[in-house]
Structure formats: structure tokens, C-alpha cells
Amino acid sequence: MFFSYDHLTFRYEPFPIGLAKPLMDRETYRSFVQEFPPPELFQSYHDLGKPGNKYTLSERENPRAYRDFVRSNPLWREF
């Protein structure tokens with residue numbers, strides 16, 4: 001289990017919203033940061049209809065790179 005809801009709190013005004021802080025322990029978070037995909041896997045996505053660029057690594061925009069990364073990385077595969 002990656003997430004911990006032991007510290008979950010809710011606020012109901014002006015609408016319901018929950019906050020779980022911290023969401024995961026420091027070691028788990030550190031592992032995700034260390035295993036984050038390298039920048040070269042992110043593909044530039046230009047057609048947003050507004051200025052600037054978006055870089056994405058997703059099943060929709062770059063499915064092969066996304067699947068290859070997740071399959072090759074035990075932490076992200078389990079997640």
C-alpha cells in the first residue's frame with residue numbers, strides 16, 4: 001500500500017474536500033522521486049490551443065514509451 005489515510009481530515013464548507021497529509025511516508029516518496037521517468041521519455045504536446053508547450057508521458061499521448069517505462073520499473077509497475 002503506497003498511501004496512508006491515517007491523517008485524513010475533511011472540510012465541508014464551502015464544499016467537501018479531504019486532505020491526507022502526509023499521504024505517504026518519506027522513504028516511499030523518495031523512492032518515487034528517484035525512479036521518476038527521465039525527461040527524454042516525455043513527449044512535447046503542442047496542440048493545446050494556447051501558448052506554450054506541454055510535456056507528457058501518458059497512455060494517450062505516448063503509449064509505447066509509457067508502457068515500456070512502467071513495465072521496466074518495478075515500483076511504478078506495482079503502483
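Let's start with the charges: in this predicted model, the count of salt bridges comes to 1. The partners are R30 and E27, whose side chains meet with 3.0 Å from N to O. Why can these two reach each other along the chain? Both belong to helix α1, which covers residues 26-34, and they are 3 residues apart there, so about one helical turn separates them. Neither end of this bridge is buried: R30 is partly exposed, with a relative accessible area of 40%, and E27 is partly exposed as well, at 48%.

Follow the chain onward from α1 and you come to F36, which sits in the loop between that helix and β3 (43-45). Setting aside neighbours within four places in sequence, F36 is in contact with F42, F69 and W76. You can also relate F36 to R77: the two are 41 residues apart in sequence, while their C-alpha atoms are 12 Å apart in space.

Those contacts of F36 bring us to the aromatic rings. A search of the whole structure finds 10 aromatic pairs. One of them joins F3 and F79 in an edge-to-face arrangement, with 5.9 Å from centre to centre and 85° between the planes. F3 lies in the segment before β1, and F79 in the segment after α3 (74-78), so this pair ties together parts that are 76 residues apart in sequence. F3 counts as partly exposed, at 29% relative accessibility, and F79 is partly exposed too, with a relative accessible area of 48%. F79 also pairs with W76, again edge-to-face, at 5.8 Å centre to centre and 80° between the planes. Step back from the individual pairs, and ring pairs link F2, F3, F32, F36, F42, F69, W76 and F79 into a cluster. F36, which we met in the loop after α1, is thus a member of that cluster along with F3 and F79.

Now turn to the β1 end of the chain. Here an arginine meets a ring: the charged end of R11 sits over the ring of F15, 5.8 Å from its centre. Y12 is found in the loop between β1 (8-11) and β2 (17-20). Is Y12 buried or exposed? Y12 has a relative accessible area of 54%, so it counts as exposed. On the surface, Y12 joins M1, Y5, L8, F10 and L23 in making a nonpolar patch of about 710 Å².

Note on methods
Residues are numbered from 1 along each chain as its sequence is written. This is a predicted model: local features need pLDDT of at least 70, side-chain atom pairs count only at pLDDT 80 or more; totals for chains, interfaces and linings use all residues. Side-chain values use heavy atoms; hydrogens and water are left out. Patches are made of residues with over 30% relative accessible area and no salt bridge: like charges are joined within 9 Å, nonpolar side chains (Val, Leu, Ile, Met, Phe, Trp, Tyr) within 5 Å. Accessible areas come from the Shrake-Rupley method with a 1.4 Å probe; for residues, only the protein chains shown count as cover. A salt bridge is a side-chain nitrogen of Lys or Arg within 4 Å of a carboxyl oxygen of Asp or Glu. Helices (H or I, at least four residues) and strands (E, at least two) are DSSP runs, numbered from the N terminus. Buried means under 20% relative accessible area, exposed over 50%, partly exposed in between (1.4 Å probe, protein chains only). Contact means heavy atoms within 4.5 Å. Rings of Phe, Tyr and Trp (its six-membered ring) pair if their centres lie within 6.5 Å; planes under 30 degrees apart count as stacked, over 60 as edge-to-face and the rest as tilted. A charge sits over a ring if NZ of Lys or CZ of Arg is within 6 Å of the ring centre and within 35 degrees of the ring normal.
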